[in-house]
Amino acid sequence: MAKSHVRYYPVGNGSMSLIKLDDSRGTTILVDMCISNDADDKENKLVYDSAKDLRSHLKRESDGRLHLNLLVHSHGDDDHVRGLQNHFWLGDPADYESKKDEPEKIIIDEVWSSTRYRKYDTQSFPLGDDAKALSKEIRRRVEKRSETAGNYVRILGDDLQDDDGDEVPASVRYPCGASVDTVAGKQFNDFSAMILGPLGKEENEDDKTYNDKNRGSLIVRFNRTVKDFFGNERMCSLVFGDDTEVRTWERLYDDQKRDRLEYDVLLAPHHCSWHSLSWGSAEDKNAKVSVKAKGSLSNANAGAYIILSCKSNDDEGEKSKKVGRARARPVYEGIVGKTQVICTGEHAIDGKLAPIVFELTVHGISKQSNAPISPYTAASAATIGEPLPHG
């Protein structure tokens with residue numbers, strides 16, 4: 001596939017998306033990852049092999065190794081960083097070594113994160129092994145601050161919370177509203193990222209709410225200007241809100257900067273959780289959709305899509321998630337239209353789970369052809385792994 005495109009992988013109640021640009025380098029940007037051990041099992045035919053697909057889109061550089069140009073790490077939940085240690089090299093590339101009994105490690109040229117990479121594993125802020133490993137790697141990069149592949153790092157957003165006394169160096173900090181047009185040392189004039197979150201602490205916000213991992217989730221809008229031979233051009237925008245919940249979407253609405261939230265494809269926050277749209281419980285029939293939160297998520301361009309990165313309803317075994325999605329999904333369908341809302345757990349090609357793929361064209365977003373999902377090929381809850389609750 002020669003054109004710039006984005007792939008939303010079927011990883012259960014997790015998140016993993018790959019942007020690949022059609023520049024001379026073939027720049028690759030991975031927004032989160034959720035590669036379960038089952039996905040690494042070549043004998044397991046019911047789970048999509050997202051790791052194999054990812055590797056097929058990466059290039060070998062002059063050092064002979066596979067390189068991912070940018071990893072965007074939204075926050076520390078396992079379902080957004082699972083598989084990191086199995087597939088990626090952590091440490092200075094100068095020390096790279098590959099073991100025979102392990103998959104070839106991928107070099108991550110650059111990492112983006114919020115300041116919460118500095119939060120230590122505690123009872124109130126639990127981190128899995130992959131999240132702790134990435135936190136250690138980001139610390140190494142911030143301390144080294146080397147402008148070389150495998151050492152680049154940027155810390156995004158207005159959230160200043162961490163467990164250390166020293167502030168993150170200004171040279172790697174990018175606040176909300178900043179636009180970044182460089183990826184792993186390459187500057188673009190037709191591609192950029194707008195930083196929209198995490199937002200800073202509110203004046204009356206209690207510590208418990210502020211300390212929540214989802215509260216510190218990144219919000220990034222990627223913009224790619226596509227041109228044709230006749231000089232026509234169009235900007236395609238992809239918004240990733242990851243696990244951001246209702247409080248932040250309301251604040252973004254109050255900022256009255258709706259143009260920053262325009263999108264051609266939106267990854268619905270928190271795996272289509274009701275808590276991104278409402279303050280109330282999904283099981284409370286009187287709970288209402290926040291007008292402001294919905295307003296922030298309604299800035300769809302003509303022909304826009306909304307992606308739900310979660311299991312299919314039939315495959316979901318947890319009642320609270322089913323109820324939440326049953327209420328949240330119609331809200332998104334009301335924004336872009338029923339046919340424009342697609343769930344990764346329901347999407348298949350030739351009867352098998354497959355990524356949802358969009359090309360970025362001068363006419364806007366173009367969805368790759370697909371076939372209806374067969375219930376016999378949908379991954380089960382046990383197959384995907386153990387995602388964290390998303391009611």
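This section describes a helix, a strand with its partners, the nonpolar cores and selected salt bridges of a predicted model.

Helix 8 comprises 18 residues, from 319 to 336. At 1.5 Å a residue a helix of this length should span 26 Å, and the C-alpha atoms at its two ends are indeed 26 Å apart, so the expected and computed spans agree. The buried residues of helix 8 are K321, G324, R325, A328, V331, Y332, E333, I335 and V336, a set that includes charged side chains as well as nonpolar ones. These buried positions pack against strand 17 (263-267) and helix 7 (291-296), and also against strand 18 (300-308) and strand 19 (341-343). Directly after helix 8 comes G337, which adopts a positive phi, near 105°.

One of the buried residues of helix 8, K321, takes part in a salt bridge with E318, in which the closest N and O atoms are 3.6 Å apart. The two partners differ in their surroundings: K321 has a relative accessibility of 2% and therefore counts as buried, whereas E318, with a relative accessible area of 33%, is partly exposed. Elsewhere, D22, D190 and R224 are joined into one network by salt bridges that share partners.

Across the whole structure, 26 salt bridges are found. In the pair formed by D159 and R116, the closest N and O atoms are separated by 2.6 Å. This pair links distant parts of the chain, 43 residues apart, with D159 in the loop between strand 9 (152-156) and strand 10 (173-174) and R116 in the loop between strand 8 (107-113) and helix 4 (129-144). Both partners fall under the 20% limit for burial, since the relative accessible area of D159 is 0% and that of R116 is 9%. The salt bridge between D207 and K201, with its closest N and O atoms 2.5 Å apart, has another setting, as D207 is partly exposed at 48% and K201 is likewise partly exposed at 40%.

Strand 22 (residues 356-361) has five of its six residues buried and is therefore largely enclosed by the rest of the structure. Strand 22 runs antiparallel to strand 1 (residues 5-8), to which four bridges join it, and within this pairing V6 stands opposite F358. Strand 22 also pairs with strand 23 (residues 364-367), again in the antiparallel sense and over four bridges. The connection between strands 22 and 23 is a hairpin of two residues, and T361 is placed opposite G364 of strand 23.

F358 of strand 22 reappears in the largest nonpolar core, which contains 35 residues and in which Y8, F222, L238 and F358 have the most contacts. When neighbours within four places in sequence are left aside, the contacts of F222 are with I19, I29, V31, V72, W112, F191, S192, A193, C236, S237, L238 and F240. Apart from this core lies another, of 33 residues, whose members include V81, A131, V153 and V168.

A further buried position is H347, which lies in strand 20 (residues 347-349). Its relative accessibility is 4%, and H347 therefore counts as buried. A polar atom of the H347 side chain lies 3.0 Å from the backbone oxygen of A354.

Note on methods
Residues are numbered from 1 along each chain as its sequence is written. This is a predicted model: local features need pLDDT of at least 70, side-chain atom pairs count only at pLDDT 80 or more; totals for chains, interfaces and linings use all residues. Side-chain values use heavy atoms; hydrogens and water are left out. The expected span of a helix is 1.5 Å times one less than its number of residues. Buried means under 20% relative accessible area, exposed over 50%, partly exposed in between (1.4 Å probe, protein chains only). Contact means heavy atoms within 4.5 Å. A polar contact is a pair of N or O atoms within 3.5 Å; within protein, one must be able to donate a hydrogen and the other to accept it, and residues adjacent in sequence count only if both atoms are side-chain atoms. A nonpolar core is a set of buried Ala, Val, Leu, Ile, Met, Phe, Trp, Tyr and Cys residues joined through side-chain atoms within 4.5 Å. A salt bridge is a side-chain nitrogen of Lys or Arg within 4 Å of a carboxyl oxygen of Asp or Glu. Two strands pair if DSSP finds at least two bridges between them.
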